[in-house]
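Trainee: Please take me through one part of this model closely, namely its largest nonpolar core, and then place the rest around that part.

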Amino acid sequence: MEGEESRDVAVRIPNSLDEWLTAKTDALGVSHETLLVQLLAAYRLTDENAASDLKTALDQRDAVNSDQLASVEATLTQRLESEVGDVDEKLESLIGDVRARVIQVKKEADAKAPSDHTHPELSTVETLEQSVASLQDEVDQLATEVDREASTRTDEHTAFRDRIAELESKLQTVARVTLDMRKVVRTDAERAERERLLTTLREIAAEDGVRTAKCDACGAPIDVALLNDPTCPGCGHLFTDIEPGTWLIRSPRLVNTRPELEAGTDEETDLDVLAEVVGEVEVAPGGNNQ
């Protein structure tokens, strides 16, 4: 450190350390400054040596570890290669044994069976396969025929149903026309019958000298000469005859001796006539009616 540049440094130290430093300077015969410089130089040298020793120790440890790892890797690789070789040899041996056994079995089988031997069961299998194929063809053909027949039946059923609907419409028309004609005929007959009854009532009244008679149903007095219909103007009761009265006890009465004439006014319906007409018509399949 001699010849190096230096600078002044002021340091405050504890009293106890100052006492120790004073004692040392007295013992060594040096100044406080000289002793402090010597102490700092010694500390720096110790610190530098310790760091160098630590780095050297770490380098040595890494070298030792690398050598150990390489040795372990080499040992394991050698052991693994040896074991793999052993396994390969065992597999080759086993495959050779199996191949030899197969060849031996085949030779024994060839030696036992005649050279021109056959397998009848194979022929049976082929026959069964042909039968199955033939049956499958028949099933497919039948399925096709069934589908075709079902389609034909469906078309026929639809045509038959349409024909029935058409005939029903025509029958209803015929029934309505028939009913109208019957009403016209019945109206003419009833009108003629009523005129005949009214003439009869007037003739009976003239013969018996009756001018006024009571309705047999409601008791209302009725002038026979003024009737224009053989019915009661009040209640609509039908008259067919005149019962003569008795003197001071009973007045003449307009009566109905034929109640079936009033009961015979039931109206026929389209359904009644249709049922009657249908009973005379026979519908045949295919749309022909007879």
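Mentor: The core comes first, followed by the largest pocket and a short helix.

The model is predicted. Its largest nonpolar core has 14 residues. Those that touch the most other members are Ile-222, Val-224, Phe-239, Ile-242 and Leu-254. Two elements, helix α3 (120-208) and strand β1 (212-215), each supply at least two residues of this core. The largest share, four residues, comes from α3.

Ile-242 can be followed further. Leaving aside residues up to four places away in sequence, Ile-242 is in contact with Leu-201, Ile-204 and Ala-205, and also with Val-224, Pro-252, Arg-253 and Leu-254. Val-224 and Leu-254, two of these partners, are themselves among the core residues that touch the most other members.

Next, the largest pocket. Its volume is about 670 Å³, and 17 residues line it. Nearest its centre lie Arg-7, Val-9, Glu-33, Val-37 and Leu-40. Helix α2, residues 32-112, gives the most to this lining, with six residues. Sorted by class, the lining holds ten nonpolar residues, six charged ones and one polar one.

Last, the short helix. Helix α1 covers residues 15-28, 14 residues in total. At 1.5 Å a residue α1 should span 20 Å, and its end C-alpha atoms are 20 Å apart, so the expected span and the model agree. Just after α1, Gly-29 takes a positive phi of about 75°.

Notes: Residues numbered from 1 in each chain as written. Predicted model: local features only at pLDDT ≥ 70, side-chain atom pairs only at ≥ 80, totals over all residues. Heavy atoms only, no water. Core = buried A, V, L, I, M, F, W, Y, C linked by side-chain atoms within 4.5 Å. Buried < 20%, exposed > 50% of the residue type's maximum accessible area, 1.4 Å probe, protein only. Contact = heavy atoms within 4.5 Å. 1 Å grid on protein atoms, 1.4 Å probe; cavity = no way out; pocket = protein on both sides within 12 Å on 5 of 7 lines; lining within 4 Å. Points joined across faces, edges and corners; volume = space filled by probe spheres on them. Nonpolar A, V, L, I, M, F, W, Y, C, P; charged D, E, K, R; others polar. Expected span 1.5 Å × (residues − 1).
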